[in-house]
Amino acid sequence: MKKIKNNVDAEVDISDGIPDTGCERNFRVIDALRESLGNGKMEEKALKTAYWLQGGGCGGDTFSFLSSESPDVIGLLRTLDIHLLRHPSLSNISPATHEALLEDIVAGRQELDILLVEGSVICGPAGTGMFHTVDGHPKKERVYSLASQAQVVIAVGTCASFGGFGSDDAIEATGLQFVKKQRGGFLGKDFTSKSGQPVINLAGCPCHHDVIAGALMAAAKGVNLELDKFQRPLEWYATTVHQGCTRNEYHEYRVEESDFGEMGCLFFHMGCAGPLVPGPCNKSLWNQQSSKTRAGVPCFGCTDPEFPRATPFFQTPNIEGIPLSLPMGVNRAHYMVYKGMAAAAAPEHLKNRKSKV
Amino acid sequence: MVKIAKGINIPLNRAEGDLQINVEIEGGVISEAWSAGTMFRGFEGMMRGRGALDGLVMTPRVCGICSITHLTAAVEALDTIAGVTPPDNARRLRNLALMVETVQSDVRHAILMFMVDFANREAYDKHPLWNEALVRYQPLAGRAAVEVIRESKRLIQVMAIIGGQWPHTSFMVPGGVTSIPEVSKLLQCRIIVERFCSWYERSILGCSIERWQAIGSVGDLDAWLDESPAHRDSEVGFFIRFSREAGLHTCGRGPNRFLSYGNLPLPLDTAVQGTGSRMLAAGYAVSTTVHHFEAAQITEDVSHSWYEQGSVPVHPFAGKTKPYASGQSGQLYSWVKAPRYCGEVVETGPLAEMVIGGNPLFCDMIEKDGPNVMARQLARLVRPTGLLAPMSVWLGELVDKRGDAFYRSVLTIPDGQGAGMIQAARGALGHWVKIQDEKITHYQIITPTAWNGSPRDENGVRGAWEEALIGTKVKDINNPVEAGHVVRSFDPCLVCAVHCLKKGRETGIVKLGFAQ
């Protein structure tokens, strides 16, 4: 029996002329895959298939994913032997071919290993889904038919995970398995994909590129990620955005800011949610360079099921200078005493911070 | 001659949002077109009642590929309301981020979303350059596709250094920006931009930017093409050769009226030249005749859109966005509204910027052939030639003046109204905002795709790309790639699918989605 294996390419050196493009090889692989499918040898394939579905969203997760590094998107898909059946921004298959592909997946003739959904499932108005249609039909129908065929279902971004933008509005934006903190969502609380896993929620607006890449690696290699109560993988969502923030020393001694452009902590007045929500933003830097808090922008808590929060951004609701929402798991009385003492103990170089960010 | 009208389906994906286009074809030529956005997201409704600054966080999420442009429009509206002029360094940092976003969008759109169709086997396997197109543009594998993904990603690091991350940062705030990078990081940005620039010159242009800018006419362009193999083999050279063979200079005319809000406010003290207070001029052009731009002439018409109907088209400070989904009835067919300038349909985007800025090559192209797909797409592919040098200048000025202010404190936003009007990668973008008691009471957004991809207005006049589709020859109605090229030359911020109706039957048109 023939076993299909895509070759792992060396990174194409783009500094001096462009050698082999890999496109002919890709054709060979795809042709070989088709041949294999035709011979009913699907179970033998090493190639994994993935389909990226766009729901009610902005495409930001796709553009985040394109910032993956080591390996980049191209290297990642090749190394993992993932055949991307279709991506709405990257594929050039014709609508007719796309329709045939969808029919094959739904009929079970084409295996679907990994379904990635970006954007919410738009269910409005009044549950009809007619605010988002394909050929006159609600697009939500496509989400359901693909999810029921996939080995693994991944919600990419907060909108796909929890509804996100529009979850309180007429569009009735719904997450795949949650609406905000409420389990259920579009696919229902008991949904599991063919591999037995629930929807894997890669929260974030957008989701961090390293998380998307990492989740793809896990899915392709058959690793089941441990999930938190909102089905976010602990791998990236067990520590707060606060971990690794370069303003931590200021936070520690309660050296606070109440305006933009300074170096101190943004948690107490500027609405920073870094200590409140999980995420890897200060551990795995964005675009290999930085994070919002490092650039003086408060964390907006975009991995939280209730993002975007109802209260104004850039403000911290507080009582006597102590935020209403305290860092994860903290006792208010202890925290107030600790912060009072910490402020008194703050070193001069932090209190007298002169250089701006 | 027997008229033929058959149903077809055109691939118009690879854009943000959902779009469906219905066309009628008679005798192999498109005779009618309806463009419908099939997704309603209702951002404007989400904004009302929120905190005064929340547009800085919410509106970048309108669009994942032009998130900085929404941030820029949002902050300019708030600057106006607060009556504050950001310091020079804030201008430089804001402009740099916006320019990086535009440049990455231009090269990604050109290679990954437009020229990838040249590698479409069904459409072009008889085209003499098809094999080469495949080697260049095959998705995730073609040489140019791979290069663009890698090089644009590196350039994006500049936005992350300035704003923390991309997409979806909110580092622009009324009065300036939230931080200024350290000197070493500014120097690193300069290296990243210079490295990108040398790749752009080598791979995209095949010549230096200076050499490209010496092209002042179609005759010059032909001479440039013949001058060296490097020119012919570059992406620009290949694009021109492929497009001419495919006839892309003969289709996609559109309204032949252009709009630009102008862009990139100049620092008070800078070596970068501009027109008035901005680097790029605002204007309204009829063919290549440029007129003064007046913001008060903008109206939004919803006569064919799925919104609660008003009696007359109104200015965006008075406009509402109340969805009204009536099913498949009557003349309503899009979630996109129909913005008009002086009551006229206009085109916006890089070609409009070239015409309004008086670029001699593009003015000559339009005077000779009228607007067309090739000119429109070429304008996008070479727009970075005008941006990369000022980016380096501003980075140099930032290094020299790093100690100067980057933020003027704005502690509260007073009651008032303001507009942020800028040029996004895809064209004219406006945010119209009203604030009362530190809350948003009104938020209207007109995106470039609303200008270019609008439905008909109250006079039944087609939107820009609806108009551009008329007269397009379709060789194979089962794979009408030509219609795809026409719409895609406007860089639609929508995922599209084109359908064709039987003549006289309008059933089956419906629902379009729009990334707003």
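In chain B of this predicted model, strand 14 (residues 416-424) and strand 15 run antiparallel and are joined by 9 bridges; strands are DSSP runs (E, at least two residues), numbered from the N terminus, and two strands pair if DSSP finds at least two bridges between them. Within this pairing, G420(B) stands opposite H431(B) of strand 15. The connection from strand 14 to strand 15 of chain B is a hairpin through 2 residues.

On to strand 16 (residues 439-446) of chain B: 7 bridges join strand 15 to strand 16, again in the antiparallel sense. Here V433(B) faces Y443(B) in strand 16. These two strands form a hairpin with 2 residues between them, and D437(B) in the turn has a positive phi of about 50°. Strand 15 (residues 427-436) of chain B is largely enclosed by the rest of the structure, because 8 of its 10 residues are buried (20 or more other C-beta atoms within 10 Å of the residue's own, with C-beta atoms placed from the backbone).

Chain A offers a parallel arrangement. Strand 1 pairs with strand 2 (residues 82-86) over 4 bridges in the parallel sense, with K48(A) opposite I82(A). Strand 1 also pairs in the parallel sense with strand 3 (residues 112-118), over 5 bridges, and L53(A) stands opposite V117(A) there. Of strand 1 (residues 48-54), 7 of the 7 residues are buried, so the rest of the structure largely encloses this strand. Both of its faces are covered: K48(A), A50(A), W52(A) and Q54(A) lie on one side, T49(A), Y51(A) and L53(A) on the other.

Residues are numbered from 1 along each chain as its sequence is written, and chains are lettered from A and ligands numbered from 1 in the order in which they are written. As the model is predicted, local features need pLDDT of at least 70 and side-chain atom pairs count only at pLDDT 80 or more, while totals for chains, interfaces and linings use all residues.

Notes
A residue is buried if 20 or more other C-beta atoms lie within 10 Å of its own, exposed if 12 or fewer, and partly exposed in between; C-beta atoms are placed from the backbone.
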